[in-house]
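Here are my notes on the model you sent over. I have put them as numbered points, so you can follow along with the viewer open.

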Amino acid sequence: MTNTFSRQVLPTPEALRPWVTGIGSVSVGAGSAEPYVQLPDTATTVVFRVDENGRRSTLVVGPRTRASYHHGKRFASCLEMRLAPGTTRPLLGVPAVDLVGRMVPLDALAAAPARRLARELRDLEPEEVVPHLARSFPDLSAAADRSRTALVTAGADALSMRTGRVPGPVRDVARELAVSERQLRNLFAEGVGLSPKHYARINRVRAVLAQADDVPWAQLAATTGYYDQSHMTTDFRTLMGVPPRSFFTGRLPDARPCQASLARP
C-alpha cells in the first residue's frame, strides 16, 4: 500500500508578492511511505507542517545544492512558502548563506524577525497561515536594502531559464548589472545563499527535469544551454546523483531516513 500524495499550488496574495515567489500545499494520506526526492533548490522555504498526530511545527529549509533521496515519513499536511531572492535577511534576520543545506525550526533562529514570525504562526491552523501573513506582515521596507534586493532579483532573473532564452555567463550578467563578479558573488551569498554559477546550474538542471518528458535528450541539451548532451548528463549527474536516464526510469540512489517532505520524483 502506498501513500496518497497530493500537491496544490496556492495563490499568492498581492501583499506577499514582494517577499514570496510561490506558496504550495502538500498532503500525504495514510499508508506505508514511498521514497521521494528533494530536488536541488535555490530558494529558502518556510514550511508550516502538521503531523499525523496534529502537532504543528514551522521550519526553515535553506537552499539545497544537490538532490537527496529519502524514505518517506508520514505527516498530515504541509504548507510551503518560497522566499524571493534577497528577502531572507529582512524576513528572518539571517543571510541566506547561513541556511544552505539546513532545515531548522523557525524559533531556533536567534534573530528577532524569525522569533517574531514563529510566535505569530505557532497557534494557527494551516488554512489560516497565508491570510494571517497577508494581513499582518510588517512593513519591512526599512529593514530591506532595496537597491541590494533589486540587484539580487535582477541577477537571479538573468541567470534563470526562460522560454526562448538561455542565461548568459556570470561575467556578462555582472557587466549588465554594473557590478564586479566579486560583488555579484557577495550579493548572491547574502541574498540567495549560493554562488551565481551554482544558482544557474541548479536552475538549468530543474529546466531539464521540467522538460524531459517532451523533448529528446540532444534537443533538450541544446534548448537548456548545454554544449552538448554529454555536458548535460555530467551536470545532471553531479546535482542529482544519477544520470538523466536512470532518474527518469526510477533507478535512484539508496534512500536515507526522511527529514522533511518537499518533493517527489
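How many helices and strands are there in the protein?

1. Overall make-up. The protein has 10 helices and 8 strands. Please keep in mind while reading that this is a predicted model. Of its 265 residues, 48% are buried. About 13300 Å² of the protein is exposed, and 49% of that area comes from carbon and sulfur atoms. Among the contacts with a separation of 6 or more, 68% are between residues at least 24 positions apart.

2. The S4–S5 hairpin. For a first stop, try strands S4 (residues 45-50) and S5 (residues 56-61), which pair in the antiparallel sense over 6 bridges. The two strands form a hairpin, with 5 residues between them. Have a look at Gly54 in the turn, where phi is positive, at about 85°. For a landmark in the pairing, take Val50, whose bridge partner in S5 is Arg56.

3. S5 and its pairing with S8. Strand S5 also pairs with strand S8 (residues 103-105). These two run antiparallel and are joined by 3 bridges. To find the place in your viewer, look for Val60, which stands opposite Val104 in S8.

4. Asn203. Is this side chain's residue buried or exposed? Asn203 belongs to helix H7, which covers residues 196-211. Its relative accessible area is 18%, and because the cut-off for buried is under 20%, Asn203 counts as buried. A polar atom of the Asn203 side chain lies 2.6 Å from the backbone nitrogen of Met161. Beyond its neighbours within four places in sequence, Asn203 is in contact with Leu159, Ser160 and Met161. So Met161 appears both in the contact list of Asn203 and, through its backbone nitrogen, beside a polar atom of the Asn203 side chain.

5. Trp217 and Phe248. A search of the whole structure turns up 5 aromatic pairs. One of them is Trp217 with Phe248, a tilted pair with 6.0 Å centre to centre and 45° between the planes. Trp217 lies in helix H8 (residues 217-223) and Phe248 in helix H10 (residues 244-248), so this pair ties together parts that are 31 residues apart in sequence. Trp217 is buried, at 16% relative accessible area, whereas Phe248 is partly exposed, at 32%.

6. Phe236 and Phe247. What kind of aromatic pair do Phe236 and Phe247 form? The pair is edge-to-face, with 5.9 Å centre to centre and 70° between the planes. Phe236 sits in helix H9 (residues 229-240) and Phe247 in helix H10, 11 residues apart, and the pair links distant parts of the chain. Phe236 is buried, with 1% relative accessibility, and Phe247 is buried as well, with a relative accessible area of 9%.

7. The cluster. Points 5 and 6 belong together, as Trp217, Phe236, Phe247 and Phe248 form one aromatic cluster. It is worth showing these four side chains at once.

8. Arg204 and Tyr226. One last item for your viewer is Arg204, which lies over the face of Tyr226. The distance from the ring centre is 5.2 Å.

Technical notes
Residues numbered from 1 in each chain as written. Predicted model: local features only at pLDDT ≥ 70, side-chain atom pairs only at ≥ 80, totals over all residues. Heavy atoms only, no water. Helix = DSSP H or I, 4+ residues; strand = E, 2+ residues; numbered from the N terminus. Buried < 20%, exposed > 50% of the residue type's maximum accessible area, 1.4 Å probe, protein only. Polar contact = N/O pair within 3.5 Å; in protein donor to acceptor, adjacent residues only side chain to side chain. Contact = heavy atoms within 4.5 Å. Pairing = 2+ DSSP bridges. Areas by Shrake-Rupley, 256 points an atom, 1.4 Å probe, with all protein chains shown as cover. Phe/Tyr/Trp six-rings, centres within 6.5 Å; stacked < 30°, edge-to-face > 60°. Lys NZ or Arg CZ within 6 Å of the ring centre and 35° of its normal.
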